[in-house]
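Hello,

Please find the structure we discussed below. My notes on two parts of it follow.

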Amino acid sequence: MSNREEKVLQISGVNPRKCMKCGKCSASCPSYDEMDIKPHQFVSYVLNGRTKALAESKSVEKCLACFACVERCPRNVEPAKIIDAARQLNVRQRYGDTLSANDIPSLIDEDTPQQLLVSAFRKYKR
Amino acid sequence: MKKINLNKLKELFAYISEKSSLFLPIESANSINFGMYDEKAKVRLDVLKTSKSPKDLFFPQSETLYSCQSAKGKISIEPQALQNDEFVVFGMKNCDFAALEILDKVFLSEPVDTFYKARRDNATIVTLACARPSESCFCKAYGIDCAQGAGDVSAWIIGEYFYWCANTQKGVALLEKTAHLFEDADEADVESAKAQIRDIVAKMPLMSLDLKNWGKGKTAEKFDSPLWDELYKPCLACGTCTFVCPTCQCYDIKDYKAGEKVVRYRCWDSCMYSDFTMMAHGNNRTSQMQRFRQRFMHKLVYFPDNNDGVFSCTGCGRCVDKCPASLNIVKVIKAFDKEA
Amino acid sequence: MQELKNRIKQLMEENVAQRALGWKKGEFGYDAQAAFFESTDELDDFVYNGFCGANLSKYMIEACKKEGRTIICLKPCDTYSFNQLLKEHRIQREKAYIIGVGCKGTLDISKIKANGIEGIVDIEGADMFSSENLLKIKTVYGDHELAYSDALLERCNCCKGKEHMIFDEIIGESADTVSADRFEQIEKIEQLTSIEKFEFFRNELSKCIRCNACRNACPACNCRKCVFDSDKFDSAQKANSDSFEEKMFHIIRAFHVAGRCTDCGECSRVCPQNIPLHLFNRKFIKDINMLYGDFSAGSNCEENCPLTSYSFDDAEPGKI
Amino acid sequence: MPMNSTESFAPKIVAFCCNWCSYAGADLAGSSRLAYPADVKIIKVPCSCRVNPMFILRAFEKGADGVIICGCHPGDCHYSTGNYYARRRMTLLFSMLEYIGIEKDRVRVEWVSAAEAVKFSETMNSFVLQIKNLGENVRLGDLRCKS
Amino acid sequence: MQRIGVFVCHCGSNIAATVDVKRVALAMLSENGVVFADDYQYMCSESGQLKIAQAVKEHNLTGLVICSCSPRMHEATFRKAAEKAGINPYMVEIANIREQCSWIHKDIEQATQKAIILARAAVAKVNLNSPLIAGKSPVKKRALVIGGGIAGIQTALDIADAGFEVDIVEKTPSIGGKMSQLDKTFPTLDCSACILTPKMVDCAAHEKITIFTYSEVENVSGFVGNFTVDIKKKARYVDSAKCTGCGLCQEKCPSKKALSEFNCGLSNRSAIYTPFAQAVPNVPVIDPLQCIKLKTGKCGLCEKVCAANAIDYTQKDEIITREYGAIVVATGFDVINLDNYDEYAYSQSKDVITSLELERIMNAAGPTKGHLERMSDGKAPKNIVFVQCVGSRCADNKGKSYCSKICCMYTAKHAMLIRDKYPDVNVSVFYIDVRTPGKNFDEFYRRAVEEYGVNYIKGQVGKVTPEPDGSLTVHGVDLIDGRQVKISADMVVLAAAIEPNASVRQLATQLTASIDTNNFLTEAHPKLRPVESPTAGVFLSGVCQGPKDIPETVSQAGAAAAKVIGLLAKNELTTNPCTAHSDELLCNGCSACANVCPYGAISYQDKEVNDHGIRETRRIAMVNTALCQGCGACTVTCPSGAMDLNGFSNKQIIAEVDAICR
């Protein structure tokens, strides 16, 4: 398993092997038609080393994070967490990887509002 | 006669303990017993009686006799080494020393108990006169003078000073070794202290205990007395009296399986215990009354019978202090006196 | 006390009972002993004072083997043990006529002696039924005075209560003697580090001379033959040859009486080496109360012992 | 010779397993080849309620470094109630051992069913590790048994 | 002093590959009591056993230690071998050096050392073994079957046909169980009632069978061969002896609002009722919660119309105590509660139903007289959607982790029946997998697809939405087609998971039988003893042990019956000699042991004893060895050690501890 796959699994905390391929996630998904890779396919993309494709797919943007799939999955697989993790990969890629807490003060502009920092931490805290 | 200021005793102890092991009354966990001296030890010479008598310095509560091991069908025996280092016992009371002489009669007569003998031979005993005897003491009844010294060295604590003088060769050797710490003392100081002690002894309630009804040849008279049936009743059948007693000398021999080897050891036994002298067919004494009678008959009749009238009790009074049911040898003696 | 003595005399004369189980005076005023009084004449030596600490309920086992009924004097805390013995079928109720005697606390002679009082020949003011709170101690070295309440046994400072749990009649008033929390010492030990606990108990238990006084005085330790005297577990022991044996003995003894121990405190009272043995039993009592609900052994004859019952959602071992 | 380093320290561990669940669980662990250290030696008892505190102390006396008792899950006892009694007894005993300064991790009770081979093996692995971390049992042994 | 022989088994290479068996044997020779030690390829084989017999003879052995596989495997074998060789079978101990040694260790040195220690412990134990003789206990020649469904009925019939008495205890007013509610059965489509009713009648008519309907097991005591069971017969308020089953009372009863349990609550019944027309016994019961007379004292109509004078409002619950040699549990199943599956709108729409409810709707005796109707408006549905695996195969805590096994087949049956009878109705089945292992099962499913045109869609349904117009929108996915599907349906049928009947938990406790995490009763061995519970004398029949269809249930019922017959055919059983016993010289008579004994095996006697010359009468514990099962709870609660256990004595266990810690 490559680094990227591991990262997705680590971020999401999902065990893709628990999936029994029932498709209830896809059946429940309100963005199904918008997606190029369907919720029930997320696990196989990760398992088969195609996380890059998953991260570059439209699905990353289209998932509403409504968590219907998480709620209904009979096996507790939580597909939404996979796609969110893929999205997270992109975010981290874009801005280089995460900063360590110690690096932050030197990067902060005097005038940066506190609020911005807090919301940034909330968003990227994983 | 030599003396040393009490505040220099610590120096003395340190000096003695450098050369040999030193045993003296030490307080630990709210209890005072003879223990090995070290710098941290809380020495309590002021205390009249240790909880246990010092007999276990010579006849320990339990000691290994030998160990054996079986390998490839053969048994090998590893004997236990005898005590071969000299040691000093400091602050023993006269009653306890007298008790050692009673134990000697048992362990040093043929066949000699080599474990006991080795310890006796290697010990230098410093006795300390009793400054303040207690109500439970009755040593005088056995002709013991707690003011007078005994053992290898006799000692007194008088006022600010510790006095001592040697009685034996071993004692002389100890005094010589430590002479540099001492100054010469006046015998008269000691004599007046002795007189004081004897005055107190005269006032103590049990000291005048009369033993005329006991001793050699009293078996027939005492054995079947109905009094025993009354006296034993509160007895809990515990072994406190025997284990604190300085003269009780009964022991049991047992084996302990320690992994591959077996350790044969002996340990104190108590005639109060139901399995005392238990044999294959059962027990000679089946009731607590019989066991209770055994203890006192032994101390006051059987032992004198076999040892020229010497009682196997020195009046230390530990059983008087410690018996959980407040029974003791004094009550037994008095009960028979009252009857007579 | 006279009232009590008279009543016993009366009961014996009226043939309600054939003998009495009480306390008899000793040599120095503080060494009263348990005693059977077979006739009214013998009652001259009867005493009931603060030094009558001995819990007589265990003597009832022997008394039950005798013909007829025995009057037994029980302090409030002794009645718990009596009940417990009844529950375990070791004694028979109909064999006893119980006089519940009032108690204002039992005295600790070693506490008195710890005040430097030596050569005691008599102690006045220890009577259980007097309201006086002053002990007058006569000694060879001079006289002393001490407050009664300052010389109480530890067990009386955390007394279970003034109520007699079982009795035929009650003579005398009981006083409130509580001045300490029963589990305070236990909690203190619990807060020590593991090694400190170990050192504490090693020090205490190293004093043990295996005289078995604790066991033999204990009303709960009423086995005909103790496991440590029999070969049933290959565990017969007579003396501690190694520091292990006293631990084994005291842990197992406490375990065997767990849920049956009434916390009468006899074990600590009788220990010739002053080992605070109640610290073992009370630990179990504390744990039982916390885990399985408040339980007081001997408060009645019916309740099942916590160790012979269970509930489905009991705590898991090692998880408390 | 007392061994000090965790590496070379081979603890002596006694496991009391009830016949119906845990012993069978151990067998299943065997047939499933789920390894656990050889330091663990199993004694078969009919039920966890057969385990007398005397046995546990005896094991420590003779030099055991850890003792573990395994029984059926509460509610599943073959004798219906045995493990409930065992649970109370061991809870109190363990609490007492801790109270007198014996490391509480030297003893453990674990409920392992006949089907829980994985749990059995994992339990034994973790218990051995736990004992190795504690090192040799010095507080509750009889010195005469130390060679 | 014992003369012990030690036999180390290679078990082919199973043991010998990791354990140096020769070294183990050699090491045992220096153990106390061992006079002979040897190793052999297969100790359990005939020649292995012969070796034992020879050694016993040559070396005059009194005890045996076999170092081999688990005692659970071959202890019995070696005990028999010992007995043949003339040694008491309980003088044998097994050192488990396969499951608990060679199979889990790789290092030969380590494994060998461990094997030596395990063997040493076994030797130490045998040194203290004493011969034990198994006792005998008589067998009560009557069986109890708990549950009167098809499993219970079949078991009872088979046992009764072998000539033994059988009692059936059934909770509801009639036997028949779930099968009586079914319309047709797969894969043959024969009418359920047609095949079940004759069996029910057979049961009622069989002279060896006694049926207790409307009854429950209240208490069970005793042990294999000698159970005593209290059966609570709930008050029926109808005298079964007088009732002729005319049914007039039910007709006249003015209280008709109660929901029919038999029809899954889809129709009403009267307060006095028989659950269905073919009920056995055909004797109604009065529902005390519905009956006006019992609630208010007024009415009494049924009493007035009953020509047989069978109505008796004063009837009380009655406890009947009966003795049995064997007990069969056949408590069956229920459909799970669907509260956790709100997405399927079961509680929101009357037209979302379970498959069992559909059975009733399709049945001619059901609420719609067999017409396929919507329960909301009575209209004939045009589009029906079946949803599979509702609550089955769920790893979340909402449903069941297991496959309910019967749903695939009955769903195919339903789809097929509907398409057959109403060809204009569209039927879709959403499935995850279609599981059809069984004779003619897959063929049956294929017919549903190929001949009857049932639309099977692979993909689970995400949601069912009730629409304002009364229709239901089913949001699903077609994983094969790769598209989401929305189907507008008139009726949705949920294949809800099945679970063991709720009564089984309490029953398991009463019987000391164990249950698994899903409340299915555990079998003694999953492969080799599938119809026995681990508790001797208790057997399992039907779904209480695990999901099953009818043919499987019937065959298991027959198997359970065969086991029961085997037991009842014996006149007496040998009892386990590993029982507790009390040393009368040490016993305090304190009752602690009796308090913990789960079998009530300990009683007390005043007995004169001679304790080393002291004669006195003491209260002594006595163990009834027929009742004692040998758990040992008493031995630990006994402070003096008076109570001990044969085969696992205090000294034996301590010897093992010592040997291990040496």
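In the hairpin of strand 24 and strand 25 of chain E, 5 residues lie between the strands, and Gly470(E) among the residues of the hairpin takes a positive phi near 95°. Please bear in mind that this is a predicted model.

The two strands of that hairpin, strand 24 (residues 463–466) and strand 25 (residues 472–478) of chain E, pair in the antiparallel sense over 4 bridges. Pro466(E) has Leu472(E) of strand 25 as its bridge partner, and Thr465(E) stands opposite Thr473(E) of strand 25.

The hairpin belongs to an open sheet of 3 strands in chain E, ordered 24-25-26 with antiparallel pairing. Strand 24 and strand 26 (483–489) of chain E are at the edges and have a single partner strand each, so one side of each has no neighbour in the sheet. On average, and ignoring direction, neighbouring strands of this sheet are turned by 25° against each other.

The second part concerns chains D and E. The axes of helix 2 (residues 53–61) of chain D and helix 18 (residues 650–661) of chain E come within 9 Å and cross at roughly 20°. Angles under 35 degrees count as roughly parallel, and the two helices are therefore roughly parallel to each other. The crossing of helix 2 of chain D with helix 18 of chain E is right-handed.

Helix 2 of chain D contributes Phe55(D), Arg58(D) and Ala59(D) to the contact, and helix 18 of chain E contributes Ile653(E), Ile654(E), Val657(E) and Cys661(E). By class, this contact has 6 nonpolar residues, 1 charged residue and no polar ones.

Regards

How values were computed:
Residues are numbered from 1 along each chain as its sequence is written. Chains are lettered from A and ligands numbered from 1 in the order in which they are written. This is a predicted model: local features need pLDDT of at least 70, side-chain atom pairs count only at pLDDT 80 or more; totals for chains, interfaces and linings use all residues. Axes are lines fitted to C-alpha atoms, for helices over the stretch in contact, and angles run from 0 to 180 degrees between N-to-C directions. Angles under 35 degrees count as roughly parallel, over 145 as roughly antiparallel, 65 to 115 as roughly perpendicular and the rest as oblique. A crossing is left-handed if the near helix is turned anticlockwise from the far one by less than a right angle, and right-handed if clockwise. Two residues are in contact if their C-beta atoms, placed from the backbone, lie within 7 Å. Ala, Val, Leu, Ile, Met, Phe, Trp, Tyr, Cys and Pro count as nonpolar, Asp, Glu, Lys and Arg as charged, and the others, Gly among them, as polar. Two strands pair if DSSP finds at least two bridges between them.
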